[in-house]
Amino acid sequence: MDRAETPRVVAFDGVGLGYPGGTEVLHDVTFSLDSGSFHFLTGPSGAGKTSLLRLMYLAVRPTRGTLTLFGQDITRTSRRRLPDLRRRIGVVFQDFRLIRHLSAFDNVALPLRIAGAPDADVRRNVCELLQWVGLEAQSGMAPATLSGGQQQLVAVARAVIARPRLLLADEPTGNVDERVARRLMYLFEELNRLGTTVLVATHDEGLVRRYRHPRLALKDGALAALPAVRTAETVTVPPRADGTPLRPQPVPG
Ligand SMILES: Nc1ncnc2c1ncn2[C@@H]1O[C@H](COP(=O)(O)OP(=O)(O)OP(=O)(O)O)[C@@H](O)[C@H]1O
Ligand SMILES: [Mg+2]
């Protein structure tokens with residue numbers, strides 16, 4: 001089966017999530033993301049945005065309901081198959097989660113190396129992307145010696161370098177200035193044009209207003225029924241995002 005033909009990359013059906021020993025933090029969540037769509041995920045602090053993303057990148061399993069990823073019901077999929085699904089997903093963590101003992105370069109290179117890319121390709125693509133996000137001078141530096149914004153850029157570069165089929169970005173512009181935020185949004189949109197399904201969790205209402213992507217709005221662990229929650233209008237069968245490295249073009253303007 002050509003994975004790119006799966007029309008729904010993500011489908012939640014009546015999903016609930018409770019953390020061990022805690023109360024339920026997500027209730028009866030039902031929505032789906034079509035292949036090639038781009039959504040924002042909004043909601044106040046504590047609404048459950050990160051928890052929803054954690055379900056999607058398989059860090060936690062639903063305590064109720066059904067979650068389907070790339071056409072596979074993950075509540076019925078054996079644990080052994082989860083790493084394969086996980087490799088199709090790029091994640092920008094809210095707290096970056098960079099590997100401390102690796103340089104910026106090696107953090108970004110990791111997904112390509114895991115995919116078995118030849119060294120020369122890894123070097124070329126990582127250098128190109130680091131240069132594009134403005135971090136070529138920091139390439140050899142350890143995460144602890146970078147500013148918060150620079151760490152965020154490394155985290156974004158690592159999430160997009162292998163052109164994942166699904167990109168989940170948790171507050172990806174929370175630590176950078178507006179010019180850099182625009183550049184990152186451009187990167188996400190370019191990845192989306194290449195076929196990646198994108199979900200960006202953000203508090204930044206300005207960001208949501210500036211870009212014309214539909215929003216999923218969470219409040220107190222439930223999705224608000226907003227008319228803006230709709231599927232992408234333009235994308236039919238997008239090209240396959242298959243680990244080919246992302247090579248961003250110059251930003252217009
Ligand atoms: N590991 C955990 N164990 C128990 N409860 C948790 C855990 N992680 C999150 N929660 C609870 O789940 C709820 C939702 O948290 P979550 O981090 O998903 O919110 P959020 O919308 O991402 O918030 P923010 O905008 O501040 O990032 C909160 O009440 C939080 O206390
Ligand atoms: Mg969060």
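Helices and strands are DSSP runs, of at least four residues for a helix and at least two for a strand, numbered from the N terminus. In these terms, F70 is placed in the loop between strand 4 and strand 5 (72-73). The structure described here is a predicted model, and this report takes up its strand pairing, two loop residues, its nonpolar core and the surroundings of its ligand.

**Strand pairing**

Strand 1 (residues 8-18) pairs with strand 2 (residues 24-34) through seven bridges in the antiparallel sense. One of the residues in this pairing is R8, whose bridge partner in strand 2 is D34. The two strands, strand 1 and strand 2, make a hairpin in which five residues lie between them. The turn of this hairpin contains G21, with a positive phi of about 75°.

Strand 1 is also joined to strand 4 (residues 64-69), by five bridges, and these two strands run antiparallel. Here A11 has T68 of strand 4 as its bridge partner.

**Two loop residues with positive phi**

Strand 4 leads to the subject of F70, which lies in the loop between strand 4 and strand 5. Although F70 is not a glycine, its phi is positive, at about 50°. A positive phi is also found in R163, another residue other than glycine, with a value near 45°. The loop that holds R163 lies between helix 5 and strand 7 (166-170).

The surroundings of the two residues are set out below.

| Residue | C-beta neighbours inside 10 Å | Class |
|---|---|---|
| F70 | 19 | partly exposed |
| R163 | 21 | buried |

A residue is buried if 20 or more other C-beta atoms lie within 10 Å of its own. R163 therefore counts as buried, because it has 21 such neighbours. F70 has 19 and so counts as partly exposed.

**The nonpolar core**

In soluble globular proteins, nonpolar side chains tend to be buried together. The largest nonpolar core in this model has 64 residues, of which V108 and A157 touch the most other members. Helix 5 (residues 148-160) gives the most to this core, contributing seven residues. Apart from its neighbours within four places in sequence, A157 is in contact with V108, L129, L130 and V133.

**The surroundings of ligand 1**

Ligand 1 is surrounded by 13 residues, and the closest are Y19, S45, K49, T50 and S51. Helix 1 (residues 49-56) supplies the largest share of this shell, three residues. Sorted by class, the shell around ligand 1 comprises nine polar, three nonpolar and one charged residues.

Methods. Residues numbered from 1 in each chain as written. Chains lettered and ligands numbered in written order. Predicted model: local features only at pLDDT ≥ 70, side-chain atom pairs only at ≥ 80, totals over all residues. Core = buried A, V, L, I, M, F, W, Y, C linked by C-beta atoms within 7 Å. Buried ≥ 20, exposed ≤ 12 C-beta atoms within 10 Å, placed from the backbone. Contact = placed C-beta atoms within 7 Å. Pairing = 2+ DSSP bridges. Near = placed C-beta within 6 Å. Nonpolar A, V, L, I, M, F, W, Y, C, P; charged D, E, K, R; others polar.
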